[in-house]
Amino acid sequence: MSKPLRFPKEFVFGTATSSFQIEGDAHHRGRSIWDDFCNIPGAILDNSDGLIACDHVNRYKEDVALMKEMGVDSYRFSISWPRIIPDGSGEVSKEGIAFYRNLLKELNAQGISPMATLYHWDLPSILELKGGWRNRETAYHFRRYAEVCFTELGDLVEKWLTFNEPFCTAILGHLTGEHAPGMKDLAATHKVIHHINLAHGLTMEAFRTGGYNGEIGTTLNLSTPRPATDCPEDILAADRAADRDARVYLDPVIGKGYPKRYLDAYPEAPFPIEEGDMEIIGKHKLDYLGINYYTEYPVTFDKDHPENFKGIATDLPKTHMGWDITPEGLLRLLHWTHKRTEDIQIFITENGSAWDDRLDEQGKINDTDRVSYLESHLAICQRAIEEDIPLTGYYAWSTMDNFEWAWGYARRFGLIYCDFETQKRTPKESFYRYREIVKNSRD
Ligand code: NOJ
């Protein structure tokens, strides 16, 4: 590496996971749409499910001890709605609350500050039967679930996030069908976007008026594709792609409403906006914005697309997911976002890469590709801070290998290797490199 990494002394280093991807222990929680989706033949690459996953519910102490060994300041995880309220809207599970209280106490005891995401895709199945996020009621059920979490866990949580990547719930879950609940319907997709935004606003309102502990924001996988060339058509195409991939999620929650150009492109699939909704969604300022960043793609003008753009492939180096490695894209995205969000603090709440990790003869994993991905993206974070972006922290995805959604266990993002047969954890080379960075790179 050329230049050693340097960060301000208060910069937060963490790692991240989510409930369905690691918890397992499925018989002590309600069903979620991901349990249902895993039962559809062919939906998951290796036909796996989340019933056991990393068995984290039974092994959380070992996992927190590993995080302690890694030296991170913070841990971002998600709370499973069906573990707290198994049917989504009824009784609260004491057992579910007890698990998260134990986890949080363990984290706090080890000096690791928790950041809790309220929704990382595991919607209670019973709510899906009633229309899921297509149904406005779900937003109100979500607010109540969030209030239960604030009340029952708030004394132990420092930072909250309402949602993780609503883009994926909307687009992958309802337009391309790659994620639960597996629909392919544009009108449904637009209902989902709006109802998730509404649920965010209702929850912000409840948090701000309820006098709860801590701070709150949301996590978006904003993507602002780059123009394939510098001709004006491509520049416009890239800007329009940013409507779908960034503005419909970001603009409403910072009080700027939906991009009209996007709404106008799809008169046949309107957003179900009711009077007063946009005020609810945009009224309360975020304490911080979480950004998940993995890659950036180029777009070009396409006269046949309703918004006149299409993504194109490149010959850049790729991760095991097939995603381009584009650290400079993170810098572009941070500048684009900061221009819109002004003084709002930004966290990178996820960044990482999948590789086909194998244990070597000594039982080690020398994941040099992951190490260089990590270093190159952290170098961009450093540069962003030098260029006055209010970037407060960075969470590596992921603490450990886990259930990678439609890819099952066939893609590994962890800094810790997980043997899914034995549940043995093995820190990878990237774990040790991250530990070194966390320990030595702050002023
Ligand atoms: C973002 C999602 O939040 C996370 O759940 C997923 O595993 C990573 N991307 C990698 O695909």
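Biologist: What makes the group β6-β8-β9 an open sheet of three strands, and where are its edges?

Modeller: In this predicted model, the three strands line up in the order β6-β8-β9, with mixed pairing. β6 (226–227) and β9 (309–311) each have a single partner strand, so one side of each is left without a neighbour in the sheet. That is why these two are said to stand at the edges.

Biologist: How do you know that β8 and β9 pair?

Modeller: Two strands pair if there are at least two bridges between them. Strand β8 (residues 298–301) is joined to β9 by three bridges, so the condition is met. The two strands run antiparallel. To find one of these links in the picture, look for V299, whose bridge partner in β9 is G311.

Biologist: Let's move to a helix. Why is α8 (residues 166–174) called mostly covered?

Modeller: A residue counts as buried when its relative accessible area is under 20%. In α8, nine of the nine residues are buried. Among them are P166, F167, C168 and H174.

Biologist: What covers the buried residues of α8?

Modeller: The cover includes three strands, β3 (113–119), β4 (159–164) and β5 (215–220). It also includes the helices α9 (186–210) and α10 (232–253). A part counts as touching when heavy atoms lie within 4.5 Å.

Biologist: And T151, why is that residue called exposed?

Modeller: Exposed means over 50% relative accessible area. T151 has 53%, so it is exposed. You will find T151 in helix α7 (residues 137–153).

Biologist: How far apart are T151 and Y212, in sequence and in space?

Modeller: They are 61 residues apart in sequence, but 7.5 Å apart in space, C-alpha to C-alpha.

Biologist: Now the whole chain, please! How many helices and strands does the chain have, and why is it called as compact as a globular protein of that length?

Modeller: The chain has 15 helices and 13 strands. Its radius of gyration is 21 Å, and the globule rule gives 22 Å for 443 residues. The two values are close, so the chain is as compact as a globular protein of that length. Along its principal axes, the C-alpha trace spans about 60 × 55 × 45 Å.

Biologist: What share of the residues is buried, and what share of the contacts joins residues at least 24 apart?

Modeller: Of the 443 residues, 60% count as buried. Among contacts between residues at least 6 apart in sequence, 77% join residues at least 24 apart.

Conventions: Residues are numbered from 1 along each chain as its sequence is written. This is a predicted model: local features need pLDDT of at least 70, side-chain atom pairs count only at pLDDT 80 or more; totals for chains, interfaces and linings use all residues. Side-chain values use heavy atoms; hydrogens and water are left out. Helices (H or I, at least four residues) and strands (E, at least two) are DSSP runs, numbered from the N terminus. The radius of gyration is taken over C-alpha atoms; the globule rule is 2.2 Å times the number of residues to the power 0.38. Buried means under 20% relative accessible area, exposed over 50%, partly exposed in between (1.4 Å probe, protein chains only).
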